[in-house]
Amino acid sequence: MLLSRKLPGRLPGLPSGRRAKWAVLLLWVALVAIAVPYAGKLSDVVQSKSASELPRGADSTRVEELNPRFRGGELAPGIVVYARAGGLTAADRAKAETDRRALSPIAAGRIGTAAPSKDGEALLLTVPLADDGALTSHAEKVRDQADLNTPPGLRTELTGPAGNALDMGDAYGKVDSTLLIITALLVMLVLLVTYRSPLLWLLPLLSAAVSLQVTSAVVYLLGKHAGLYVADGMSAILNALVFGVTTDYALLLLARYREELRGHEDRHAAMRAALRRATAPIVASAATVSLGLLCLLAARMGFNYALGPIGAIGVLGGLVVVMSLLPALLVILGRWVFWPRIPRFGDPAPARAGVWERIGRAIGPRPRLVWIGCLAVLGALAAGALGVHTGLDREHFLTSTPSSMTGQRLAAAHFPGDRSRPLRIIADAPAGPALTAAVAAVPGVEHVGPAVPSADGRLVGTEAVLADASDSPAAERTVREVRWALAAVPGAVVGGGAASELDLAAAQDHDRRVVIPLVLAVVLLVLMVLLRALVAPLLVMATVVASYFAALGGAWLLFRHAFGFPALDVQVALMGFLFMVALGVDYNLFLVSRVREEAARAGHRAGVLRGLAVTGGVISSAGLVLAATFGVLGVMPVTFMVQVGVLVSLGVLLDTFLVRSIMVPALALDAGRLFWWPGRLAHTRDRTHAQGQVLTRTRTRTRTRTG
């Protein structure tokens, strides 16, 4: 059945051994001492280069890969806009010229003179910057120089790729440490309320902190030496994931250890028993989440693709810490760590008349009515998703209006076309004249630059300014027409600006169509292997998917009417589904595995009610912790992070307090022994139910004779 049946009675190699516990503790002290310096360098391997984030194999990605073959290499220009209502003055023009000269040392090429607008009210100064690790610091210098000694009444704004990169760097860089502190405080608060102990909460929190340090160190080393792509914002998701799963696993082990301490005089034996019984659901949970994340290796988006292995590393790190360091610490510290409610050998089990037993008793008489009612609630929430819109424009990419967007609006007010994000077009060298002519003839193209040869002379490249904003539907149509017009041009590829937006949307659509079914298949397979059944995994998966759509509908209503977001970011649907299915299955896995254990001893009906009663408290606490850790993403200034955090938190709460605590037990009771089909339990007579039937028949005969 569970892995516990395969484990011997004495396991001297376990971290709960009398001597092994000290060896395990010393090993982890050494590992943490090694990991901390590397974990602190994680930000050093974060890549903001567009080629890494763009879809694998897309035209826009190919353009980014070919850019280094041109003089100046990969560039992310900073565009400074100078504007004055009523017309520029001589002091304004002198200011732009002063900035041009002052910025020459950090430019990746020659800075041309500022271009005037036709209305005489604005200037554009384009500063070529290398798209490398120093981009954000150079962009900040450009912005600071533009703001220095500005004549009164002159507006200056930084936009373009460098301005966008600076805004994103500011958004992510200023909140990482704050997020970590808020996450730790929320987890501490939930644990204090759960255990009402001034000491015990430290151990899950310490386990999570160790997991995060080790995971961050591994990710840094892989990013530094193995080329692993680490994107902006990855650390925020990693913090939430590692804190959430590590604390969940720690809570499950602590609950089982507390039970076993009442039945074992020796705490070492109690820990061995707890590990035997908790290993299967914890390992299965880690396998479910990590394999679900690894399904992202089938994704085309760079961020999605990289999150798979990084997330899996975090989950496995949490698993290893909870199954080794935490048991060693608990055994070393002894029973007193549970003070003031210390479990003593021989103490009776706590009365089962708690809230979860009462919920079970309420579900028992009418389980079908209960799960149908739950389904109706989920369906009503899911209806909110019918009007969902996807695809945020760049204006709403951050929760506040970024300065680069202000600069883009200012430029658009005085210059034709979207000069902040032009198309970049590259083709084979002989196609130079045909390339520019074909692009210039496409409606919607405002301006085409000259064809510039690459350093090796084998390629030519040009830039095209579109008449419409790069994130508009009109610009996307223009990109399609440009690509169609260049279909016969040898080696022609179109990227940058609206082309990148179009390729990103196509890649996200691919990832949803491929990754979501793959995640469902992998998670279902893990559940079938663990539970040795088909019906139970199918019902559990159905409830998790239903809770996802309910959370999506509820979250969309919040985004639209409370947050004021006009749409979902294109990544939110996939990220939300992945985390909710993989993590939501966790709690159902903890519940159903315990129900299976109890059903083997007391029968199906009694097993369902007993399993709900003994796991309700710990799983609810774990759900609160996970919802809190993802909810912290709501303080991020990045709309994508806010939406993922709210969606996952809402989904986890629905799954914890409605689906797992009410709907799944009701389905299990309604299905009866068929819940375990085709496993052995499906063919084992439910003793409790059989006794109830005999008692009912006896009472009926007695009434008949009496009558």
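In this predicted model, the protein chain has a mean pLDDT of 85, and 92% of its residues reach 70 or more. Confidence varies among the elements of the chain, with the highest mean pLDDT, 95, found in helix 13 (residues 367–382) and the lowest, 47, in helix 22 (residues 687–706). Over residues 687–700 the pLDDT is below 50, and this stretch has seven contacts in the model beyond near neighbours in sequence. For residues 702–707, where pLDDT likewise stays under 50, the model has zero contacts beyond four places in sequence. Where pLDDT is low, the predicted coordinates should not be read in detail.

Attention then turned to the aromatic side chains, for which a search of the whole structure finds ten aromatic pairs. One of them joins Tyr-548 and Phe-577, whose ring centres are 5.1 Å apart and whose planes stand at 90 degrees, so that the pair is classed as edge-to-face, given that angles over 60 degrees fall in this class. Because Tyr-548 belongs to helix 18 (residues 535–563) while Phe-577 belongs to helix 19 (residues 572–602), the pair ties together parts that are 29 residues apart in sequence. Tyr-548 and Phe-577 are both buried, and ring pairs link these two residues with Phe-549 into a cluster.

A second arrangement is seen in the pair formed by Phe-563 and Phe-565, which is stacked, with 5.5 Å from centre to centre and 25 degrees between the planes. The two partners differ in their surroundings: Phe-563 has a relative accessible area of 40% and is therefore partly exposed, whereas Phe-565, at 6%, is buried, the limit for a buried residue being under 20%.

Aromatic rings also take part in arrangements with charged side chains. The charged end of Arg-424 sits over the ring of Phe-70, at a distance of 4.8 Å from the ring centre, and Arg-660 lies over the face of Trp-356, 5.2 Å from the centre of that ring.

The geometry of one helix was examined by its length. Helix 8 (residues 202–225) contains 24 residues, which at 1.5 Å a residue should span 34 Å, and its end C-alpha atoms are 34 Å apart, so the expected and modelled values agree; the expected span is obtained from one less than the number of residues. Just after helix 8, Gly-227 takes a positive phi of about 75 degrees.

Definitions and conventions:
Residues are numbered from 1 along each chain as its sequence is written. This is a predicted model: local features need pLDDT of at least 70, side-chain atom pairs count only at pLDDT 80 or more; totals for chains, interfaces and linings use all residues. Side-chain values use heavy atoms; hydrogens and water are left out. Rings of Phe, Tyr and Trp (its six-membered ring) pair if their centres lie within 6.5 Å; planes under 30 degrees apart count as stacked, over 60 as edge-to-face and the rest as tilted. Helices (H or I, at least four residues) and strands (E, at least two) are DSSP runs, numbered from the N terminus. Buried means under 20% relative accessible area, exposed over 50%, partly exposed in between (1.4 Å probe, protein chains only). A charge sits over a ring if NZ of Lys or CZ of Arg is within 6 Å of the ring centre and within 35 degrees of the ring normal. pLDDT is the predictor's confidence in each residue, from 0 to 100. Contact means heavy atoms within 4.5 Å.
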